[in-house]
Amino acid sequence: MSKVIVVTSGKGGVGKTTTTAALGAALAQAGESVVVVDFDVGLRNLDLVMGAERRVVFDLINVIQGVAKLPQALIRDKRLDTLWLLPASQTRDKDALTEDGVQKVIAELREKFDWVICDSPAGIERGAMLAMRHADAAVIVTNPEVSSVRDSDRIIGMLDSKTEKAEKGERIEKHLLITRYDAARASRGEMLSIEDVLDILSTPLLGIIPESEEVLKASNIGTPVTLSDRSSAPAQAYIEAARRLQGEDVEMTIPLVRKGLLDKLFGRRAA
Amino acid sequence: MRLIGRSYMAFALTPEAPVADWLADLDVRLARAPEFFADRAVVLDLTSVRLSRAGIEHLVAGLLERKVRVMGLEGVDPSKLGPSLPPLLHGGRAAAAAEIVKKTGPAEKPAPSSPRPTSLLLNEPVRSGQSIVFPEGDISVLGSVASGAEIVAGGSIHIYGTLRGRAMAGSLGNNPDARIFCQKIEAELLAIGGYYRTADEIDDTLRGGAMQAWLDGTELKITALQ
């Protein structure tokens, strides 16, 4: 049974593309066949994060318009045999996505892969609607800040009303992924706490990804963070999140404040 | 051309077998109130009698003689219908029963309208960007109301989670007794009958606690619920 997942958010810049690549790679490493699809037409980022930007010949729009066949547009990952990418077009705009076209491509991908992970554009526009429309499950990516959380709430409302599943009266499976979480800043009250976010969004938690330089480093060298350094904290958090997506019961790791020497000194002074 | 839906209150007449006796019984009642059916919509519910097409036609004609005009049929096999008969209706909902009584004068009470639900229960949290409007009565929310969401009720509003968005009770303006209750107040705006308070005007000591809001003349008052 293949599963279509949309990675979405209300606000831009919260880490959807990083998440799509990291979850896709983690699932592929676990032996599943995975395709990551870039729905952010007009912009194009997933190919960069996957390190495949120089191998793009055809893209999603070409497939939708019938210029290319799906197998021609799919790019196989160099590191993982079971990981594939369907890139977006940067030269077309979002209107090039048609409802019928998207439906056809998703149906075709469903037949070929265990997991279809769609990187949605941010917000509530057409492109985002089309990306979420045929999904079985959604990963809502949010940062622990009020604007991101409020916009995520809006997106959750859309997922519950505008998707194919919702229109059939079914529930779309929803998972919340909190990214860029900084335990130290949260403890100082400069960031929303995990409890606050969960209280506001009342959606099951898939994982908490700690703020880390590792994520930026990985995306700049074009490697999903779960491939570049499996032992790093964010990679571990993504790998656990992928296992939860597969239905495993994995205990939640909450990033803790790492006490450095300076913190200890300050701590003593404050006490 | 405009197609606009409109709903009317219809009386359902349910003939019982034998039809002749039932018609005689109807005559007795009509003798007391001859004009009762004069300007009313009547639906014939044929579930409890088995009539042939001729029988149905005969019954409808018999009712017409008694000035009862049948606008639709219910509970009958469509094959028994023809162009001479009223159309088959579906989806009727039960309303309060009416007794055939004589008109007492020009100031007769309007026919009882079908009982509409007077409260709306929401099981799910109300998400940012959603607007729930229920002018007929109260709204109860089991979850929270997100910042950027709004609840508009003709009656009172009951929120068993956190109210972060806007709540407007007594929205039709003729219900000064409407109130707003919530378990935890973080509201952006509270309004009753058009009188409102924004977040800034809500006492900080109330924040985060259970509260109720009501209207005292033209002033919206908020107190903590113990």
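Q: If buried means under 20% relative accessible area, what share of the residues of chain A count as buried?
A: Keep in mind that this is a predicted model. Chain A runs to 271 residues, folded with 14 helices and 8 strands. Going by that cut-off, the buried share of chain A is 54%.

Q: How much area does chain A expose, and what part of it do carbon and sulfur atoms supply?
A: The exposed total for chain A comes to about 12600 Å². Within that area, the carbon and sulfur share is 49%.

Q: Which three residues supply the most of the area that chain B buries against chain A?
A: Start with the contacts: 12 residues of chain B meet 11 residues of chain A. Putting the two chains together buries about 890 Å², with 34% of that from carbon and sulfur atoms. On the chain B side, one trio gives 59% of the buried area, more than any other three residues: Arg127(B), Ser128(B) and Arg164(B).

Q: How many salt bridges are there between chain B and chain A?
A: Take one of them: Glu188(B) pairs with Arg150(A), and their closest N and O atoms are 3.4 Å apart. That falls within the 4 Å cut-off, so the pair counts as a salt bridge. The full count between the two chains is 4.

Q: How many charged residues does the side of chain B that touches chain A have?
A: The interface also holds 7 residue pairs in polar contact, both partners at pLDDT 80 or more. Sorted by class, the chain B side has 3 nonpolar and 4 polar residues. The charged residues there number 5.

Notes. Residues numbered from 1 in each chain as written. Chains lettered and ligands numbered in written order. Predicted model: local features only at pLDDT ≥ 70, side-chain atom pairs only at ≥ 80, totals over all residues. Heavy atoms only, no water. Contact = heavy atoms within 4.5 Å. Buried area = accessible area lost by both parts, 1.4 Å probe. Salt bridge = Lys/Arg side-chain N within 4 Å of Asp/Glu carboxyl O. Polar contact = N/O pair within 3.5 Å; in protein donor to acceptor, adjacent residues only side chain to side chain. Nonpolar A, V, L, I, M, F, W, Y, C, P; charged D, E, K, R; others polar. Helix = DSSP H or I, 4+ residues; strand = E, 2+ residues; numbered from the N terminus. Buried < 20%, exposed > 50% of the residue type's maximum accessible area, 1.4 Å probe, protein only. Areas by Shrake-Rupley, 256 points an atom, 1.4 Å probe, with all protein chains shown as cover.
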